[in-house]
Number of protein chains: 2
Amino acid sequence: MFTLAEEDYLKTIFHLEHDGKGEVSTNAIAESIATKPSSVTDMVQKLAEKKLLTYKRYKGVQLTTEGKKVAANVIRKHRLWEVFLVEKLNFHWDQVHEIAEQLEHIQSEELIVRLDKFLGSPDFDPHGDPIPDQHGVLKRTEKKLLAELEKNQQGVCVGVKESSTEFLQYLDKKKISIGTKITVLGKEFFDGSMIIQVGNEQFFISHKIAENLFVQTL
Amino acid sequence: MFTLAEEDYLKTIFHLEHDGKGEVSTNAIAESIATKPSSVTDMVQKLAEKKLLTYKRYKGVQLTTEGKKVAANVIRKHRLWEVFLVEKLNFHWDQVHEIAEQLEHIQSEELIVRLDKFLGSPDFDPHGDPIPDQHGVLKRTEKKLLAELEKNQQGVCVGVKESSTEFLQYLDKKKISIGTKITVLGKEFFDGSMIIQVGNEQFFISHKIAENLFVQTL
DNA sequence: TATTATTTTTAGGAAAGACTAAAAATAATA
DNA sequence: TATTATTTTTAGTCTTTCCTAAAAATAATA
């Protein structure tokens, strides 16, 4: 369908559009993709001919609906493979990017349908980033403190507020790390303490803990 | 390390060397890889410079030890991915070749080590072909009738001798198909009947059945 | 606003890997 | 062995994607 290079450009432009608002500049693309601006101009003109983006000389580019769909699909594949690598092959979350960069280009609709099912149709990748659905729709997410979640809400751990050794050791003991899915089973109004589920374990955490953990939520 | 095209050539030449004996001709490679002989000459000269094969004009090529190692490694990856697709994603054994053709080029030592472990270090792919080990060593295998196996031997189903509807339905009921691993738990000298293990099931089969099933063995 | 700096594009070309057409070896046959 | 057929190679191109160097457009500043 699309070449590896085309897919990489679309994906990168998609990300840049989400960060900065509006058009994406040639230089920004060149930097992201580690190539020269002149190469970007070439490719961007080609993608414009294919109606995957709109391009006006010196004015930057913007993905079309079709372009966004293709890009989101590549990102979907990338993030699903990352889940596979971490959940099934026990890679650490920070080891999987490079491999997923390759796997995201494997062409097979059926493969992704089955992989998604095999993984239990996850909503987030191991970095806490949301996985676009089959139609390329990326649910918008918010980064919150775990303490802000209500009963029955879910989040994926994406970071800590204060990283004292004690706190990190606590998280380690409780098997909580970047990408870990956390479900709030109960919340005590009195002191803000919670019962949460992590993997198959359920346990109590204090408000102090819940205020130190960042989670990504739908 | 090597380009996708290089890996495809090495793999193809490896297979051709195993089929016909001796040197592999330009035309044979061209046909296998669906390209023109002139393109083969180009690539073969390049691979010869890289010492992956020996090449004499008009005389065909032969892989060096290094070339064989690279080729066997690609084949190892291909076959491990096929096992993954069939065992984990529930693809049918005849649907996986094209996808594995792509997956075999993913570059990551660590990935293959972990994939192999995840799959339980299988010896055969879903077609009954042996999987080369980490060092590129391909165990030689034999195709036999199941009836010829002794107690505690293992084989992978690779075909049937006579394919009557009744027999195929029997195999279907017993969940035996191409690629199914069969272990002989016991064998009765008197009538040649066997107790075999298929998946988690253990059951009795008559000599007549065992004589109609081809298996690949180490 | 004139000038300088930055960004972007054009022009021309390189490497990889494919192709066609024609030439050169080798093989097969009369 | 001479001739024909087949296989293989060479020579010259094409496409994709990248590059460098120089030109053109836009933005920033005096």
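Which strand pairs with β6(B) in the antiparallel sense over 5 bridges? The partner is β7 (residues 201-205) of chain B; this pairing appears in the third view below, after two views of the DNA surfaces. The model is a predicted one, in which local features need pLDDT of at least 70, side-chain atom pairs count only at pLDDT 80 or more, and totals for chains, interfaces and linings use all residues. Residues are numbered from 1 along each chain as its sequence is written, while chains are lettered from A and ligands numbered from 1 in the order in which they are written.

**View 1. The surface near DNA strand D.** Around this strand lie 19 residues, of which T3(A), S38(A), S25(B), N27(B) and S38(B) come nearest (a residue is near a strand if its C-beta atom, placed from the backbone, lies within 6 Å of it). Two or more residues each are given by α1 (4-19) and α3 (37-49) of chain A and by α2 (26-33) and α3 (37-49) of chain B. Helices (H or I, at least four residues) and strands (E, at least two) are DSSP runs, numbered from the N terminus. The most residues, 4, come from α3(A). The surface has 5 nonpolar, 10 polar and 4 charged residues, where Ala, Val, Leu, Ile, Met, Phe, Trp, Tyr, Cys and Pro count as nonpolar, Asp, Glu, Lys and Arg as charged, and the others, Gly among them, as polar.

**View 2. The surface near DNA strand C.** S25(A), N27(A), S38(A), T3(B) and S38(B) come nearest among the 19 residues around this strand. At least two residues each are supplied by α2 (26-33) and α3 of chain A and by α1 (4-19) and α3 of chain B. Here α3(B) gives the most, with 4 residues. By class there are 5 nonpolar, 10 polar and 4 charged residues.

**View 3. Two hairpins in chain B.** Strands β5 (residues 181-187) and β6 (residues 194-198) of chain B pair in the antiparallel sense over 5 bridges (two strands pair if DSSP finds at least two bridges between them). T183(B) has Q197(B) as its bridge partner in β6(B). The hairpin of β5(B) and β6(B) has 6 residues between the strands, and G192(B) in the turn has a positive phi of about 75 degrees. In the hairpin of β6(B) and β7(B), 2 residues lie between the strands, and G199(B) in the turn has a positive phi of about 65 degrees. M194(B) is bridged to I205(B) in β7(B).

**View 4. The contact between chains A and B.** In this view 13 residues of chain B are in contact with 14 residues of chain A (contact: C-beta atoms, placed from the backbone, within 7 Å). On the chain B side, α5 (97-103) and α6 (109-118) give two or more residues each, and α6(B) gives the most, with 4 residues. That side has 7 nonpolar, 4 polar and 2 charged residues. The copies meet through the same surface, because 100% of the interface residues of chain B are also interface residues in chain A.

**View 5. The relation between the two copies.** Chain B is superposed on chain A by a rotation of 180 degrees with 0.0 Å of shift along its axis (RMSD 0.1 Å). The two copies are therefore related as by a two-fold rotation axis. L103(B) has the C-alpha nearest the axis in chain B, 3.8 Å from it. The superposition is by least squares on the C-alpha atoms of residues with pLDDT of at least 70 in both copies.

Technical notes
Two residues are in contact if their C-beta atoms, placed from the backbone, lie within 7 Å.
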